[in-house]
Amino acid sequence: MTPQARYDAVVVGAGFAGLYMLHRLRGLGLSVRVFETGDGVGGTWYWNRYPGARCDVESMQYSYSFSPELEQEWEWTERYPSQPEILRYLEHVADRFDLRRDIRFGTRVTRAAYDETEHVWRVETDRGDRVAARHLVTAVGCLSAARVPDFPGAASFRGPSHHTGRWPHEGVDLTGLRVAVIGTGSSGIQSIPIIAEQAAHVTVFQRTPNYSVPAWNRPLEPEYQSWVKANYPGLRRAMRESHTGLLDPGNPGSALEAGDEERAREFEARWAKGGVTFLGAYGDIGISSEANEHAAEFVRAKIREIVADPEVAEKLSPRNHPLGTKRICVDTGYYATFNRPDVTLVDVREDPIVEITPTGVRTAAAEHPADVIVYATGYDAMTGPLLAIDITGKGGLSLRRKWEAGPRTYLGLMTAGFPNLFTVTGPGSPSVLSNMIVSIEQHVEWIADCVARLRAGGVAAIDADPLAEDAWMAHVNEIAGQTLFVRADSWYLGANIPGKPRVFMPYVGGVGVYREKCDQVAAAGYEGFVLSS
Ligand code: N01
């Protein structure tokens, strides 16, 4: 590659978003270079190889809709797809659409600076690439900047330690070992039951108990698969127009208006069905504390039913945040794992981690020996992966500086002062509150259409108007403030990262409403954007 290589577009990341972005832009006849840190495609599904890694959106819904042939030919095998199966799917997509030839793997984008005279982005990588492109699209994922807390003594630990999101590709044999798992979010909750089956002993360090609903994962029934395939166009339309991008639209009724029996029936039915749509039991679970408490107490009662030791059951019962305000978890045998004699739960609010020692984890009250440490400690979500790149826009404005008090975008698609920079599922869009594939496709298609129209109209640059951005941010904050989301110390609010500004990052208005808004903006000649020739 020559130092001055020029492309029409550079895309950062080759997960679900980057692959589809490449396909769409290439379809417009553009020259595109994709840079991907990993040595293969897949993004999240390339990195997250921890035991039990599985999506919490059903397979038939967690897939691309842009190609009817792909939809028909791919055979999912389980209700919820496992990480290896999703990765195989994405590898198939990469091959089927011949995407790999434009992707440079094992290459991290380190810097991107907007050149105002030429209206191009100058992009640099850790492998010494220097390229220029009119359009820069970040498809870096919302949960890709893995975070290991800064525990004193961590480097002194003699055994291996692994973050769930950076799991060794060759796997980790935990047979007969003492394993410490720190963190009980989705990754911890999925992996702990499987780790417990292999290990001699598991010590789980829990800071916040989470609400988890059973997955009841099972092989996909061929009849269901055929039915979905036969009805895909209508089903996909329903998903695009829905609130969450899922097929289950949720019950708009009120938990407060329902009687005790009716509520119990509804919650039981949703528990028996399994999965995240438990949240859809009533329309007011997300906005009324009282309604939410009914659902929360139902889950706590289930925990008491499953976990034999009442003290352990109580420790596992979430009480400091409303249900659904931290991402609800979907598990297979999580609570029952605590009935095993070889699994110990340590509540680190009661008994904090003091340090990691060469041989284990020391809390205020005890030393917990471990041969392996699993960090299921989450991510610097949404902004982390973007701010890891040194991005500078007009007038040398740095994105890190601009977002010091929290991310600011117009529609989660662009941020003022950074022309021609698009952020797929960026902060200010539904992204992590939705079926990611639905949101990714919507963004990719909107961006591709925009690029095509700009090129056709001889427009050199598009930028968000600061006033439109202010208004969008005010709207994003206002509607988040009407929900219970703001009551939890969640990664949605950046609360898991010390010092990160407390801003609710995703847009809670729903994917259907949001899509309409984006389409209206485009139809009105990119209202709220500034176009320059
Ligand atoms: O990360 P998390 P994750 N000392 O941030 C704890 C998606 N996902 O990787 O809650 C002790 O949720 C932290 O405690 P607290 C999904 O969107 C989906 O599990 O901050 N503990 C928490 O328990 C999910 O939400 C799937 O008090 C510390 C845990 O570590 C998102 O990814 C599967 C600590 C981190 O939980 C992230 O999930 C996996 C400290 N210093 C992930 N710091 C599915 O599709 C953090 N913790 C099923």
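A residue counts as buried when its relative accessible area is under 20%, and this cut-off is used in the legends below, which describe close-up views of a predicted model.

**View 1. Pro 168, a buried proline in a loop.** Pro 168 is found in the loop that runs between strands β7 (161-163) and β8 (178-182). Its relative accessible area is 16%, and because this value is under 20%, Pro 168 is classed as buried. The view also takes in Asn 48, which is 120 residues away from Pro 168 along the chain, while the C-alpha atoms of the two residues are separated by 9.1 Å.

**View 2. The surroundings of the ligand.** The ligand is surrounded by 25 residues, and the closest of these are Thr 184, Ser 187, Arg 207, Thr 208 and Lys 326. Sorted by class, the shell consists of 9 nonpolar, 9 polar and 7 charged residues. The largest share of this shell, 3 residues, is supplied by helix α5 (residues 186-198).

**View 3. Polar atoms beside the oxygen atoms of the ligand.** Thr 184 places a backbone N or O atom 2.9 Å from an oxygen atom of the ligand. Ser 187 approaches with its side chain, where a polar atom lies 2.6 Å from an oxygen atom of the ligand. In Thr 208, too, a polar side-chain atom is involved, and it lies 2.4 Å from an oxygen atom of the ligand. The ligand on its own has 910 Å² of accessible area, of which the protein covers 89%.

**View 4. Helix α5 and its kink.** Where in α5 does the kink lie? The kink, of about 35 degrees, lies at Ile 192, shortly before the proline Pro 193. Both Ile 192 and Pro 193 are buried, and the buried residues of this helix also include Ser 187, Gly 188, Ile 189, Gln 190 and Ser 191, as well as Ile 195 and Ala 196.

**View 5. A tilted pair of tyrosine rings.** The count of aromatic pairs in the model comes to 35. In the pair formed by Tyr 20 and Tyr 64, the ring centres are 5.8 Å apart and the planes meet at 55 degrees, so the pair is described as tilted. This pair links distant parts of the chain, since Tyr 20 belongs to helix α1 (residues 16-27) whereas Tyr 64 belongs to the loop between α2 (44-47) and α3 (68-73), 44 residues apart. Tyr 20 and Tyr 64 are both buried.

**View 6. An edge-to-face pair of tryptophan rings and the cluster around it.** Trp 74 and Trp 76 form an edge-to-face aromatic pair, with 5.8 Å from centre to centre and 70 degrees between the planes. Trp 74 is classed as buried because its relative accessibility is 14%, and Trp 76 is classed as buried because its relative accessibility is 4%. Both tryptophans belong to a cluster linked by ring pairs, whose members also include Phe 16, Tyr 20, Trp 45, Tyr 62, Tyr 64, Phe 66, Tyr 89 and Phe 97.

**View 7. Two buried charged residues in loops.** Arg 79 is found in the loop between α3 and α4 (83-96), and with a relative accessibility of 5% this arginine counts as buried. Glu 58 is 21 residues from Arg 79 along the chain, and their C-alpha atoms are separated by 5.6 Å. Asp 56 lies in the loop between α2 and α3, and with a relative accessibility of 14% this residue also counts as buried. From Asp 56 to Cys 329 there are 273 residues in sequence, yet the distance in space is 8.0 Å from C-alpha to C-alpha.

**View 8. Two residues with positive phi.** Most residues other than glycine have a negative phi. Trp 216, which is not a glycine, has a positive phi near 45 degrees, and Leu 411, also not a glycine, has a positive phi of about 65 degrees. Trp 216 is located in the loop between β10 (212-214) and α6 (222-241), while Leu 411 is located in the loop between α12 (399-402) and β18 (421-423). Are these residues buried or partly exposed? Trp 216 is partly exposed, because its relative accessible area is 45%, whereas Leu 411 is buried, because its relative accessible area is 0%.

Note on methods: Residues are numbered from 1 along each chain as its sequence is written. This is a predicted model: local features need pLDDT of at least 70, side-chain atom pairs count only at pLDDT 80 or more; totals for chains, interfaces and linings use all residues. Side-chain values use heavy atoms; hydrogens and water are left out. A residue is near a molecule or strand if one of its heavy atoms lies within 4 Å of it. A polar contact is a pair of N or O atoms within 3.5 Å; within protein, one must be able to donate a hydrogen and the other to accept it, and residues adjacent in sequence count only if both atoms are side-chain atoms. Accessible areas come from the Shrake-Rupley method with a 1.4 Å probe; for residues, only the protein chains shown count as cover. Helices (H or I, at least four residues) and strands (E, at least two) are DSSP runs, numbered from the N terminus. The bend at a residue is the angle between axes fitted to the seven residues ending there and the seven starting there. Buried means under 20% relative accessible area, exposed over 50%, partly exposed in between (1.4 Å probe, protein chains only). Rings of Phe, Tyr and Trp (its six-membered ring) pair if their centres lie within 6.5 Å; planes under 30 degrees apart count as stacked, over 60 as edge-to-face and the rest as tilted.
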